[in-house]
Amino acid sequence: MTTVTMNRDETAPRRDLAQFRADFPILRTRVNGRPLTYLDNAATTQKPDAVIDAEADFYRTANANVHRGVHALSQRATDAHEAARHKVRSFINARADAEIIFVRGATDAINLVAQGFAEARLAAGDEIVVSALEHHSNIVPWQMACRRAGAVLRVVPVDDAGEFDLDAYAALLNGRTRLVAVTHLSNALGTITPVRRIIDLAHARGVPVLLDGAQAISHLPVDVRALDCDFYAFSAHKLYGPTGIGVLYGKSEHLQAMTPCQGGGDMIRSVSFDATEYNELPYRLEAGTPHIAGVVGLGAALDYVSAIGLERIAAHERGLLDDATRQLGAIPGLRIVGTAAEKAGVLSFTLDGIHPHDIGTLLDDCGVAIRAGHHCAMPLMQRLGITGTARASFALYNAQEDVDRLAAGIRRVWETLGAIP
């Protein structure tokens, strides 16, 4: 196992990003007799040894429930759990650990805000604003909240390049707008939305903003105080961490005003059959035994990424995206879908007359793993006039040969299903 630490000695050799592949054991896997080329990172990233070992070590040396136990293992588990919360706070520059709520993932975080925050503030005729770029997880919870309250969901359009229409957004904001919920980075197209302007325009009308950061968190430095967002949601599994654990950041005044959506252990201060007194933040919004090992694994993932630096990772991925755009753009019959000026490591495309699932299946024969379909963004696909795309997405461990294998695999798709136009 390679342990990643901050390089304090400026004279020491600096590891190249390509060398970090050795930290990810699954990349040594062979698929159909070929080296694995993993380009499905927008769905989930692979995990380094540091994360795998952190979870395993927790179970080996510190497994106990947190917060209420007085024995040594419980105290050790509690310390590890809360240390990870502090790491999250530092990673996104929140004001306090209490603003970090552990949830199952970004979907769970968004649903928590929809049910515990938005619904209490919605009345018939009120409006919630989303965009056409959204993942279903940032559409359906708001539809449900609007349906229960008689409110209306408004949608910011995008242009043919997949750009967020800022002028149309400004025009949608009005006295009935109660919340804005938009993606920071589109999982389907890679578009980076102008979140600073989105937030400023909403706040000028006193409207809170939730950012779906499920994709952005592994590609872009996130500073929630600089952004001034009211809520930020992300999952660990797209940040080289475990599945089943995620984060809701919220400004403390909003979290304090939220109605807990689940009742039970740890979210209470006292219980009688007459009444229950809720616990303080963050615990009042974290009912039940948490995914302790997952939280510890998330902390290890943050250590790993922080040691490399998101700026370095973003620059590396940008180089891969640029080269993939050039190589794939030169293939006849291939159309790149999503050409926003500001985008991160996602490249979606179609091939004339070939279904995306067939592209994905034949690429898998070459050992190349991509995603094919609507990417949980069916309204966006409808806006673009397609049923789906093939999507390659990049991470810190991807290398130039991965792009070359993708391009070669696509040419083989043409050879198998028909001559290149």
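This report walks through some strands, helices and cores of a predicted model.

## Around strand β8

Let's start with β8, which covers residues 209-212. On one side it pairs with β7 (residues 177-183), and the two run parallel, joined by 4 bridges. V182 has L211 of β8 as its bridge partner. Add helix α6 (residues 195-203), and β7, α6 and β8 form a β-α-β unit that is right-handed.

Strand β8 also pairs with β9 (residues 231-235), again in the parallel sense, this time over 3 bridges. Here D212 is matched with A233 of β9 as bridge partner. In a regular strand, side chains alternate between the two faces of the sheet. Strand β8 follows suit: V209 and L211 point one way, L210 and D212 point the other way, and all of them are buried.

## The nonpolar cores

In soluble globular proteins, nonpolar side chains tend to be buried together. The largest nonpolar core in this model has 68 residues, and those touching the most other members are I92, Y169, V180, L211, Y232, L380 and L396. Helix α9 (residues 292-308) gives the most to this core, contributing 6 residues.

V180 is a good place to look around. Beyond its neighbours within four places in sequence, V180 contacts V129, Y169, L173, I198, A202, V207, P208, V209 and L210. There is also a second, separate core of 28 residues, with A109, V113, A118 and C146 among its members.

## A buried arginine in helix α2

R85 sits in helix α2 (residues 72-92). With a relative accessible area of 1%, R85 falls under the 20% cut-off and so counts as buried. Its side chain makes a polar contact with the side chain of E82, at 2.8 Å.

Leaving out residues up to four places away in sequence, R85 touches D97, I100, I101, F102, P282, Y283 and E286. As for A96, the C-alpha atoms of R85 and A96 are 9.7 Å apart, with their positions 11 residues apart in sequence.

## The antiparallel sheet

Another stop is an open sheet of 4 strands, ordered β13-β14-β17-β16 with antiparallel pairing. β13 (334-337) and β16 (371-373) are at the edges; each has a single partner strand, so one side of each lacks a neighbour in the sheet. From one strand to the next, the twist averages 30 degrees.

β13 and β14 (residues 346-351) are paired over 4 bridges, and R335 has T350 of β14 as its bridge partner. Two helices pack on this sheet. Helix α10 (residues 310-329) touches β13 and β14, its direction making about 10 degrees with that of β14. Helix α11 (residues 356-365) touches β14, β16 and β17 (389-393), and its direction makes about 160 degrees with that of β16.

Terms used:
Residues numbered from 1 in each chain as written. Predicted model: local features only at pLDDT ≥ 70, side-chain atom pairs only at ≥ 80, totals over all residues. Heavy atoms only, no water. Buried < 20%, exposed > 50% of the residue type's maximum accessible area, 1.4 Å probe, protein only. Pairing = 2+ DSSP bridges. Right-handed = clockwise from strand over helix to strand, strands pointing away. Contact = heavy atoms within 4.5 Å. Polar contact = N/O pair within 3.5 Å; in protein donor to acceptor, adjacent residues only side chain to side chain. Core = buried A, V, L, I, M, F, W, Y, C linked by side-chain atoms within 4.5 Å. Axes fitted to C-alpha atoms, helices over the stretch in contact; angles between N-to-C directions.
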